[in-house]
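Welcome, and take a moment to turn the model around before reading on. The paragraphs below go from the whole chain to a few chosen places in it.

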Amino acid sequence: VVGPGGCISVAEKKILVKGPSGNFTYGGLSGCAPYTINLKATTKGTKSYVWDYNDGNAMVSSNLNPSHSYDRAGTYIPKLILKDSAGCIVSVIGKDTVRVYDVQAGMNMSSLTVCDQGKVSFSSAISTNDVVKSFSWNFGNDSTSTIQNPSFYFTKKGIYYPSLSVITVQGCKDTFVSKTPIKVAASPVGQITQTANGCVNLTVIFRGRLLSSDTAAMSWKWNFGNENISNSIDPEPQLYRIAGNYKVNLLITSSLGCMDTVSTNVEAYAIPNINAGTDTTVCRGTGKTLLATGATTYSWFPSKGLSCTDCPNPVANPDSAISYVVTGKSIYGCMKKDTINVSVKYPFSMRTVNGDTLCKGESMRLFASGAERYSWTPSEGLDNPNSGSPMATPFHTTLYRVIGSDDKSCFTDTGYVPLVVYDIPTVDAGLDKTINVGQIIELTPKVSPDVIDAKWSPSGQAFRSVFPNLTIKPRETTTYRVDVFNQGGCTSFDEITINVLCDGANIFIPNTFSPNGDGMNDVFYPRGTGLFSIKRLKIFNRWGEVMFEKNDFLANDANKGWDGSFKGTKLNADVFVYVAEVVCDNNSVLTFKGNVALIK
């Protein structure tokens, strides 16, 4: 120890190390596994020994000269562990390193199966802690090679077990013989048999056959070109629905993987697209050419009415409706049928309505029947000249012609419908008139020249009727209608009103009378025309006394008048007052008042 001033002090003490002691030696420091070394130990104070060889193996032994074999490549330093009776343990480590070398040969092969002949590539697979200085290959058929990674072309069928022997720089050796052989096998040779080509829907039967093979099991894979596959040597029959050329492939594979592909073709022929044409109509007695298409040869049935049965375009002239079937055949013999229906149009007889007479402006429906199409001429005045029943409104006398035809224009027939059109007659009854009751008046209308008759209504008050006039004596106001007619029955009318008045103009009451028995004006009574009756007649004197009274008698009747007496006594000349109530033929009541002079 050293103090602050540099002063030094030294103290010593002995340590006693107890325990066993010893060492060991060994020779041959390198070799190829398995490599054995011999060890030799010398010890002191040792009760037991443990040898540790540094390879995972340790052994308790009292043998001071053991041997140990190293089975694995590596570097090792052995160790001896000594133990005395006091339990002290001391390890003594070897001074030299033991180096153990080893080599493990192996191989890789590009293929284990060769079909017929072929090259196999080999590569060495070496595990070693040394350097390989030589390679020796045997390909299982006495053929050899000394390169590290050789190739060999096998040409003969057989089973070959290749081997590889290697030697390292340290002289370590190993030989590897493949447990998996290389098999050189013959590829199968296949064949396809099939039934014949044909028309769609074509069914073909395929069979697979081997012309040559080894004993290996075979697998079969079909592709029929119709989207179907199979793994059977004898597959199900195949259906080809669509026309075409189909390639069929068969892959035959042996259990060793050797394969053969064989092919064949199937032709499914199209069914001819036979077309007999659209249904048609034949005019009776006039043929029509049919035209079939889509095939190479044709055959028609039945033959009735046909100009030929083995041509594509026979002329059909049947006497009644019929269906023809044509069978078309392609160059491959494929057939198909089609049918055309042929109807027959026959001559017909058309019927029309009888003619008639019309008044101008009137309409009549025309009728024609028995045809399928109609054409009326002239079209003037017709609502539809192509109808079988047009409405006709002619402006003048017209002869309508109708031509009827069938819908195929095979036959026609003609009919006529005459329509005689008369003008509407004209009539003018004149202006309305006014008369006094009891008067006679003649009505004289103005009529057109075509009028042949005239009818008046009412006619009960007519005196006479001479075409076209009417003589009447109306009692009351009346409207008269005259209807006139021409030869075609056309009519028109007009009206005239006769206003009948009862105003006294047709009544005469005398203002004097002389009841002297001379037979002239001896009686006082009402006179006139058109009078129906005297309802009441009263005569008064100037003092208002009733001198005479008579009820309900006819005018112009002297026997009902006043003879100038009162109570049987003739009165003297004087002036008297009268009051008369007169009922006209039209039931009008008039009252008349006045003076009458009685003279002698």
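What follows is a walk through a predicted model, starting with the overall picture.

Let us begin with the whole chain. Its secondary structure is easy to sum up: there are zero helices and 63 strands. The radius of gyration is 78 Å, well over the 25 Å that the globule rule gives for 600 residues, so the chain is more spread out than a compact globule. You can see this spread in the box that the C-alpha atoms fill, which is roughly 230 × 115 × 45 Å along the principal axes. Of the 600 residues, 38% count as buried. The chain exposes about 33500 Å², and carbon and sulfur atoms supply 49% of that area. As for contacts between residues at least 6 apart in sequence, 55% of them join residues at least 24 apart.

Now let us look at how some of the strands come together. One open sheet has three strands in the order β2-β10-β7, and its pairing is mixed. Strands β2 (30-32) and β7 (74-76) stand at the edges with a single partner strand each, so one side of each is left without a neighbour in the sheet. From one strand to the next, the twist averages 20°. Within this sheet, β2 runs parallel to β10 (residues 98-101), and three bridges pair them. To find one of these links, look for G31, whose bridge partner in β10 is V100.

Further along the chain is an open sheet of four strands, ordered β39-β45-β44-β42, again with mixed pairing. Here the edges are β39 (356-359) and β42 (373-377); each has a single partner strand, so one side of each lacks a neighbour in the sheet. The twist in this sheet averages 30° from strand to strand. β39 pairs with β45 (residues 412-422) in the parallel sense over four bridges, and D356 has L419 as its bridge partner in β45.

The loops deserve a visit too. Which residues does N541 touch, leaving aside those up to four places away in sequence? They are M547 and F576. N541 sits in the loop between β58 (531-540) and β59 (546-553). Its relative accessible area is 8%, under the 20% cut-off, so N541 counts as buried. A polar atom of the N541 side chain lies 2.7 Å from the backbone nitrogen of E545. Another loop residue, S448, lies between β49 (446-447) and β50 (451-457). S448 is buried as well, at 12% relative accessibility, and it touches P425 and T426 when residues up to four places away in sequence are not counted.

Finally, a few places are worth a look for their backbone geometry. A cis peptide bond, with omega about -10°, joins V200 and N201, and N201 belongs to the loop between β24 (198-199) and β25 (202-204). The bond from T377 to P378 is also cis, with omega near -5°; P378 is in the loop between β42 and β43 (391-392).

Two residues other than glycine have a positive phi: D116, near 70°, and N556, near 65°. D116 is in the loop between β13 (113-115) and β14 (118-124), while N556 is in the loop between β59 and β60 (565-566). D116 is partly exposed, with a relative accessible area of 40%, and N556 is partly exposed at 41%.

Notes: Residues numbered from 1 in each chain as written. Predicted model: local features only at pLDDT ≥ 70, side-chain atom pairs only at ≥ 80, totals over all residues. Heavy atoms only, no water. Pairing = 2+ DSSP bridges. Helix = DSSP H or I, 4+ residues; strand = E, 2+ residues; numbered from the N terminus. Axes fitted to C-alpha atoms, helices over the stretch in contact; angles between N-to-C directions. Rg over C-alpha atoms; globule rule 2.2 N^0.38 Å. Buried < 20%, exposed > 50% of the residue type's maximum accessible area, 1.4 Å probe, protein only. Contact = heavy atoms within 4.5 Å. Areas by Shrake-Rupley, 256 points an atom, 1.4 Å probe, with all protein chains shown as cover. Polar contact = N/O pair within 3.5 Å; in protein donor to acceptor, adjacent residues only side chain to side chain.
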